[in-house]
Amino acid sequence: MSSSTGPIDFANFDTTCTMEACFTAFDKNCDGKLDLQEFGILCQALFRNNKGETYELQDYEQRDIFKIFDSNGDDFIDKEEFTYCWNNWIKVIVRPISAILIIDVQNDFICGTLDIRKCPAKQNAEEVLQPINSLLDTIEFDAIFYSYDWHPSDHVSFLDNVNLRKLHDTSPIKNPEKVQMYDTVVFDGVPPVTQRLWPRHCVQNTWGSELHKDLKVIDSAIKIYKGTNPEVDSYSAFWDNSKLTDTKLASQLRMRNITDVYVCGIAYDVCVGATAIDAISSGFRTILLDDCCRGVDLLDIEKTKNTVKKNHGVVVNSDRVKNMVDGNDRRPELGYKLALHLKERQG
Ligand code: VGL
Ligand code: ZN
């Protein structure tokens with residue numbers, strides 16, 4: 001990171017930055033259009049944080065973004081192209097609309113039947129409560145969602161239900177007597193279903209499926225229930241594992257014009273990870289809150305973070321959220337991903 005001051009301060013967006021003023025400020029040679037170099041200077045002013053540090057945007061990323069907004073391909077961004085860039089890209093980066101998704105902060109994962117302290121990483125899920133509550137206390141999110149793992153009693157993921165269904169020929173374990181906790185099997189069906197087996201947990205309307213009593217619950221928040229189909233598990237709060245049914249979370253977010261999604265909760269490498277990946281593929285700028293998550297397996301937690309980063313999401317601690325929500329800490333990864341998404345939408 002280097003420190004330099006741009007000609008336009010996006011931190012004072014509402015008072016000093018009109019589209020016209022911005023275009024003029026970056027059109028250094030006053031030819032009525034922006035070339036790649038002028039656009040690069042704009043990017044430097046855009047991708048900065050509250051400490052005045054500029055984030056590095058790779059040259060290829062800058063070129064990719066430039067090409068996306070140079071829709072007629074003449075190597076300049078003219079006024080008309082800039083209008084589109086301003087409304088769909090710059091405005092989102094400087095004035096994001098933010099939602100927080102609080103994933104499965106339920107008794108069973110913290111102190112019940114699937115207490116993750118007993119899982120390989122031996123993490124204590126209770127530790128997510130304080131940082132999540134603190135975020136809810138200090139930050140005005142535009143929308144708040146709580147997801148519930150919400151299983152019927154005969155759910156396919158419960159080890160003690162393994163005898164309710166036939167194992168498929170391709171199952172790594174074919175004898176139901178031999179199947180153990182956390183094993184992965186394949187159940188018969190069209191198509192066959194791959195399933196990891198967990199202790200009975202989060203059964204609908206039981207104490208185990210309630211949110212932890214110390215979790216702050218905002219009245220106006222929206223609740224998302226998943227894993228309700230007995231035959232299909234659902235790690236992500238967007239889609240079940242077979243992508244058969246969506247929970248309406250994506251449409252709820254779009255209805256509210258949400259651009260940025262902050263994901264936290266339990267379990268980091270299972271439901272939180274699956275939700276973050278689906279958030280990215282659904283076109284939301286996605287931020288994973290590292291200190292607000294606890295998980296099952298350390299290696300899988302590492303893989304989750306790497307997958308999110310590889311797909312242009314960001315992984316941060318919760319102390320960075322305030323400035324990001326306020327548009328005062330603007331990450332190039334999220335800007336790059338948004339540009340790619342806009343290109344996809346244009347076809
Ligand atoms: C979860 C295992 C089984 C989770 C749900 O919420 O991460 N993990 N069902
Ligand atoms: Zn479950």
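This is a short exchange about the cysteines and the ligand site of a predicted model.

Biologist: How many disulfides does a search of the whole structure find?

Modeller: Zero.

Biologist: Why is C43 in no disulfide with C85?

Modeller: The closest cysteine sulfur to that of C43 is in C85, 8.1 Å away. A disulfide needs two cysteine sulfur atoms within 2.5 Å. The C43 sulfur is therefore too far from it for a bond.

Biologist: And what about C119?

Modeller: C119 is in no disulfide either. Its nearest cysteine sulfur, that of C271, is 12 Å away.

Biologist: What makes C43 and C119 count as buried?

Modeller: Buried means under 20% relative accessible area. C43 has 2%. C119 has 1%. So both residues count as buried.

Biologist: Which residues surround ligand 1?

Modeller: D104, F109, D149, W198, H201, I266, A267, V270 and C271. By class, six are nonpolar, one is polar and two are charged.

Biologist: How do you know that H201 makes a polar contact with ligand 1?

Modeller: An N or O atom in the H201 side chain is 3.0 Å from a nitrogen atom of ligand 1. The cut-off is 3.5 Å, so this pair is a polar contact.

Biologist: Which backbone atoms lie 2.9 Å or 3.2 Å from an oxygen atom of ligand 1?

Modeller: For A267, a backbone N or O atom lies at 2.9 Å. For C271, a backbone N or O atom lies at 3.2 Å. Both pairs are within 3.5 Å, so they also count as polar contacts.

Biologist: How much of ligand 1 does the protein bury?

Modeller: Taken alone, ligand 1 exposes 260 Å², and the protein buries 99% of that.

Biologist: Where does ligand 1 sit?

Modeller: In the largest cavity.

Methods
Residues numbered from 1 in each chain as written. Chains lettered and ligands numbered in written order. Predicted model: local features only at pLDDT ≥ 70, side-chain atom pairs only at ≥ 80, totals over all residues. Heavy atoms only, no water. Buried < 20%, exposed > 50% of the residue type's maximum accessible area, 1.4 Å probe, protein only. Near = heavy atom within 4 Å. Polar contact = N/O pair within 3.5 Å; in protein donor to acceptor, adjacent residues only side chain to side chain. Areas by Shrake-Rupley, 256 points an atom, 1.4 Å probe, with all protein chains shown as cover. 1 Å grid on protein atoms, 1.4 Å probe; cavity = no way out; pocket = protein on both sides within 12 Å on 5 of 7 lines; lining within 4 Å. Sits in = over half its atoms within 2 Å of the grid points. Nonpolar A, V, L, I, M, F, W, Y, C, P; charged D, E, K, R; others polar.
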